[in-house]
Amino acid sequence: MTTTTSLPTTVVSGSALVLNATYEPLCVVPVRRAAVLLLSEKAETVTPGDGFLRSERRMIPVPSVVRLNRYVKVARRRNISVTRRAVFARDGWRCGYCAGAAETIDHVLPRSRGGGHTWDNVVASCERCNHKKNDRTPSEMGWKLAVPPAAPKDPLWRVLGHRTPDPRWAVWLMAA
């Protein structure tokens with residue numbers, strides 16, 4: 001009878017900021033991806049995180065910020081994708097109509113009436129306001145938006161998206 005014992009596995013969670021060779025912020029990746037960049041010698045750790053990643057033969061600090069060893073030319077997208085989570089983050093997780101807790105997204109000009117799924121036509125909304133508004137515009141309801149919806153202007157949205165940045169990234173993000 002053979003007995004197999006499984007080795008304890010470390011659950012790796014969290015994110016790491018990736019800098020170009022010129023220290024320009026590029027993107028945020030899972031810690032596992034950052035570790036692969038380090039182990040394949042495509043990047044180096046700039047700022048370590050908390051703890052260590054262990055294998056049978058190696059132990060490396062969990063990376064918080066890594067820098068690529070070679071410069072990577074990145075084609076910048078002009079548009080930032082409209083996603084539910086990004087709309088919630090832009091609107092501070094508050095309803096655009098009543099400032100309550102947002103649970104859904106709402107198209108200011110309903111899609112059934114020609115409104116698109118664009119940054120300037122989508123707001124975070126609570127279920128009550130969304131259902132009450134139904135297939136009408138805010139002006140037809142006598143409502144006003146506290147803040148007109150617009151695409152995020154901050155250049156860090158291209159790097160972070162909807163994520164909350166790790167405080168250890170502040171030095172690198174301020175330079176962007």
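Is Trp-93 buried, partly exposed or exposed? In this predicted model, Trp-93 has a relative accessibility of 43%, so it counts as partly exposed. Its ring partner is Phe-88: the two ring centres sit 4.8 Å apart with the planes at 20°, so this pair is stacked. Phe-88, for its part, is buried, with a relative accessible area of 6%. The stack thus joins a buried ring, that of Phe-88, to a partly exposed one, that of Trp-93.

The total comes to three aromatic pairs. Another of them is made by Tyr-23 and Trp-172, again a stacked pair, with 5.6 Å from centre to centre and 20° between the planes. Here the partners come from distant parts of the chain, 149 residues apart: Tyr-23 belongs to the loop between strand 1 and strand 2, while Trp-172 is part of helix 6 (residues 170-174). Tyr-23 has a relative accessible area of 37%, so it falls in the partly exposed class, whose lower limit is 20% and whose upper limit is 50%.

Turning to the interior, the largest nonpolar core is built from 15 residues. Val-18, Ala-43, Leu-53, Val-66 and Leu-68 are the ones with the most contacts inside it. Two or more core residues come from each of strand 1 (15-19), strand 2 (25-30), helix 1 (31-39), strand 3 (43-54) and strand 4 (59-68). The top contributor is helix 1, which supplies five residues. As a rule, nonpolar side chains in soluble globular proteins tend to be buried together.

Ala-43 gives a closer look at this core. Once neighbours within four places in sequence are set aside, Ala-43 is in contact with Leu-37 and Leu-38, and also with Val-66, Arg-67, Leu-68 and Asn-69. Of these partners, Val-66 and Leu-68 are themselves among the core residues with the most contacts.

Strand 3 and strand 4 also pair with each other, running antiparallel over eight bridges. Four residues make up the hairpin connection from strand 3 to strand 4. Within this pairing, Glu-44 stands opposite Arg-67 of strand 4, and Arg-67 is also one of the residues that Ala-43 contacts.

Further along the chain, Ser-125 lies in strand 6, which covers residues 122-125. Ser-125 has a relative accessible area of 0%, so this residue is buried. What does Ser-125 touch, not counting residues up to four places away in sequence? Its contacts are Cys-95, Tyr-97, Ala-102, Glu-103, Thr-104, Ile-105, Asp-106 and Asn-130.

Terms used:
Residues are numbered from 1 along each chain as its sequence is written. This is a predicted model: local features need pLDDT of at least 70, side-chain atom pairs count only at pLDDT 80 or more; totals for chains, interfaces and linings use all residues. Side-chain values use heavy atoms; hydrogens and water are left out. A nonpolar core is a set of buried Ala, Val, Leu, Ile, Met, Phe, Trp, Tyr and Cys residues joined through side-chain atoms within 4.5 Å. Buried means under 20% relative accessible area, exposed over 50%, partly exposed in between (1.4 Å probe, protein chains only). Contact means heavy atoms within 4.5 Å. Two strands pair if DSSP finds at least two bridges between them. Rings of Phe, Tyr and Trp (its six-membered ring) pair if their centres lie within 6.5 Å; planes under 30 degrees apart count as stacked, over 60 as edge-to-face and the rest as tilted.
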